Amino acid sequence: MTAKSIAKELIACFKRGNKLMICGNGGSAAEAQHFAAELVGNFEQKRQALSAIALTTDTSILTAIANDFNFTYIFTRQVEALGKEDDILILLSTSGKSHNVISAKVTAEERGLKVIDFPRKGNSTAKIQEYQLKLIHDVCRITEKAFERILP
């Protein structure tokens with residue numbers, strides 16, 4: 001997917017009153033938080049807050065789920081609790097093989113959420129992360145323009 005096509009999905013989601021959830025592990029977990037912060041706060045200009053949640057931030061939820069169920073379900077349980085039909089779940093991963101991210105994807109699809117698996121371009125973890133960060137910024141820039149005249 002391109003920045004333009006991802007932004008188009010996000011814009012439609014936010015205009016419907018739905019939300020974005022983002023998940024990933026390690027550096028991708030940090031990027032999930034970064035992405036949500038850019039949308040809830042602002043990226044390059046003031047505009048209304050957009051409903052985005054990083055599923056990587058609540059240590060009590062993460063550790064309880066990992067302890068009581070299994071680490072595989074740390075995002076799945078949150079999608080079950082928070083996800084509604086027509087919300088979007090973005091998957092950030094450098095390998096595309098993380099069991100907890102795959103499990104969240106399956107649950108999201110079963111519940112009628114749109115799933116966007118961020119593309120992985122590059123031949124190393126660092127290059128993939130650099131590509132995904134640029135894509136996040138491009139998506140934020142395009143999405144923000146659609147809401148620039150709507151201030152709180």
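Does Asp86 count as buried, exposed or partly exposed, and what is the relative accessibility behind that label? In this predicted model, Asp86 has a relative accessibility of 37% and therefore counts as partly exposed, since that class lies between the cut-offs of 20% for buried and 50% for exposed. Asp86 sits in the loop between helix α4 (76-82) and strand β3, and its phi angle is near 75°, which is a positive value in a residue other than glycine.

## The chain as a whole

The secondary structure of the chain consists of six helices and four strands, and, read from the N terminus, these elements follow one another as α-β-α-β-α-α-β-α-β-α. The radius of gyration is 15 Å, close to the 15 Å that the globule rule gives for 152 residues, so the chain is as compact as a globular protein of that length. Taken along the principal axes, the C-alpha atoms fill a box of roughly 45 × 35 × 25 Å. Of the 152 residues, 43% count as buried. Among the contacts between residues at least 6 apart in sequence, 75% join residues that are at least 24 apart.

Ser60, in helix α3 (residues 59-68), is exposed, because its relative accessible area is 52% and the cut-off for that class is over 50%. From Ser60 to Asn123 the separation is 63 residues in sequence and 35 Å in space, taken from C-alpha to C-alpha.

## The sheet

The four strands form an open sheet in the order β2-β1-β3-β4, and their pairing is parallel. Strands β2 (52-54) and β4 (114-117) stand at the edges with a single partner strand each, so one side of each is left without a neighbour in the sheet. Neighbouring strands are turned against each other by 20° on average, when direction is ignored. As a general point, the strands of a sheet pair through backbone hydrogen bonds, either parallel or antiparallel. The pairs found in this sheet are set out below.

| Strand pair | Sense | Bridges |
|---|---|---|
| β1 and β2 | parallel | three |
| β1 and β3 | parallel | four |
| β3 and β4 | parallel | four |

Individual residues show how these pairs are matched. Between β1 and β2, Met21 has Ile53 as its bridge partner, while Cys23 of β1 (20-23) stands opposite Leu91 in β3. On the other side of β3 (residues 88-91), Ile88 has Lys114 of β4 as its bridge partner, and Ile90 has Ile116 of β4.## Helices against the sheet

Helix α2 (residues 27-40) packs on the sheet and touches β1, β2 and β3, with a direction that makes about 160° with that of β2. Helix α5 (residues 99-110) lies across β1, β3 and β4, and runs at about 160° to β3. Each of these helices also belongs to a β-α-β unit: β1, α2 and β2 make a right-handed one, and β3, α5 and β4 likewise make a right-handed one.

What covers the two faces of β1 can be followed through its side chains. In a regular strand the side chains alternate between the two faces of the sheet. In β1, Leu20 and Ile22 lie on one side and Met21 and Cys23 on the other, and all of them are buried, with both faces covered.

## The nonpolar cores

In soluble globular proteins, nonpolar side chains tend to be buried together. Here the largest nonpolar core has 27 residues, and those with the most contacts inside it are Leu10, Leu20, Phe35, Ile90 and Phe118. At least two residues of this core come from each of α1 (3-15), β1, α2, β2, β3 and α6 (125-146), and α1 gives the most, with seven residues.

Which residues does Leu20 contact, leaving aside its neighbours within four places in sequence? Leu20 is in contact with Leu10, Phe14, Leu39, Ser51, Ala52, Ile53, Ile88 and Ile90. Two of the names in that list, Leu10 and Ile90, also appear among the residues with the most contacts in the largest core. Apart from the largest core lies another core of 15 residues, among them Leu55, Ile74, Ala104 and Ala108.

Technical notes
Residues are numbered from 1 along each chain as its sequence is written. This is a predicted model: local features need pLDDT of at least 70, side-chain atom pairs count only at pLDDT 80 or more; totals for chains, interfaces and linings use all residues. Side-chain values use heavy atoms; hydrogens and water are left out. Two strands pair if DSSP finds at least two bridges between them. Axes are lines fitted to C-alpha atoms, for helices over the stretch in contact, and angles run from 0 to 180 degrees between N-to-C directions. Contact means heavy atoms within 4.5 Å. A crossover is right-handed if, with the strands pointing away from the viewer, the path from the first strand over the helix to the second runs clockwise. A nonpolar core is a set of buried Ala, Val, Leu, Ile, Met, Phe, Trp, Tyr and Cys residues joined through side-chain atoms within 4.5 Å. Buried means under 20% relative accessible area, exposed over 50%, partly exposed in between (1.4 Å probe, protein chains only). The radius of gyration is taken over C-alpha atoms; the globule rule is 2.2 Å times the number of residues to the power 0.38.
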